Amino acid sequence: MTPKDLCDSAPKGWNFILELPKRQDFEAITEKAWNVTLPEGLDFEGQHFSLPDGLSVNAEARWVEDSLLSVGISLSSRVVGECARCLSQAELAISDDLMYLYFSRGLDFEDTELGSDDGFMPVEVDFLGRTLSIAEQVWESLIVLLPARMLCRPDCAGLCPNCGEDLNKGVCSCAPIGDPRLSVLRELLE
Ligand SMILES: [Zn+2]
Ligand SMILES: [Zn+2]
């Protein structure tokens, strides 16, 4: 799977370094948690999002095979943006758990126990050493969680296209645009 075409890569200075378990120790799991702030928020597909509580990330790594490492990444955040209909402030809690499989270049991934249809997202890296940077995958996971458009509530009534009044606060005084089918009906009734 390819997440929505990513416009950008992880912000510079993003530092998510995970220590890896000892090679050949298939029982060991290493884990790390972060809470990062994004003071500028982020822009994606024409929307601006701010993350007032930052972004919480948890990752755990385990060797599956010699050159195959599974990394579970959980993230959660609260994003705030503008409602696409009424322009007031809208917010949304996002969270997800994703599984990535890192393998060193040259490994024939198809020959491993885990095919790509197991819900794992394969990531080819040059080299798997003692530590691994997962910044790009954290960024990718965050981007796919952003809504295509923010709404203050699912049934937001939006603004009147004529006078711009917020229709969530009441009906404006503009004449409702009549349905032509109704006027035919009205004529029949008269
Ligand atoms: Zn709204
Ligand atoms: Zn109006």
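Leaving aside its neighbours within four places in sequence, with which residues is Ser104 in contact? To find out, begin the tour at that residue. The model is predicted: local features need pLDDT of at least 70 and side-chain atom pairs count only at pLDDT 80 or more, while totals for chains, interfaces and linings use all residues. Residues are numbered from 1 along each chain as written, chains are lettered from A and ligands numbered from 1 in written order, and side-chain values use heavy atoms, without hydrogens or water.

**First stop: Ser104.** Select Ser104 in strand β5; strands are DSSP runs of E with at least two residues, numbered from the N terminus. Beyond its sequence neighbours within four places, Ser104 touches Ser67, Val125, Asp126 and Leu128, contact being heavy atoms within 4.5 Å. Ser104 is buried, at 13% relative accessible area (buried is under 20%, exposed over 50%, partly exposed in between; 1.4 Å probe, protein chains only).

**Second stop: Gly106.** Move next to Gly106, in the loop between β5 (89-104) and β6 (120-125). Gly106 is exposed, because its relative accessibility is 70%. Its C-alpha atom is 9.8 Å from that of Ser67, 39 residues apart along the chain.

**Third stop: the zinc ion (ligand 2).** Select the zinc ion (ligand 2) with its protein donors, the SG atoms of Cys160, Cys163, Cys172 and Cys174, at 2.3 Å. Donors are N, O and S atoms within 2.8 Å of the metal (3.2 Å for Na, K and Ca); water is not among the atoms, so sites may look incomplete. The donor residues follow the spacing C-x2-C-x8-C-x1-C. The site is tetrahedral, with angles of 105 to 111° among its 4 donor atoms; four donors count as tetrahedral if all angles lie between 85 and 135 degrees. Finally, compare two donor residues: Cys172 is buried at 13%, whereas Cys163 is partly exposed at 41%.

How values were computed. Helix = DSSP H or I, 4+ residues; strand = E, 2+ residues; numbered from the N terminus. Tetrahedral: all angles 85-135°; square planar, octahedral: opposite > 155°, others 65-115°.
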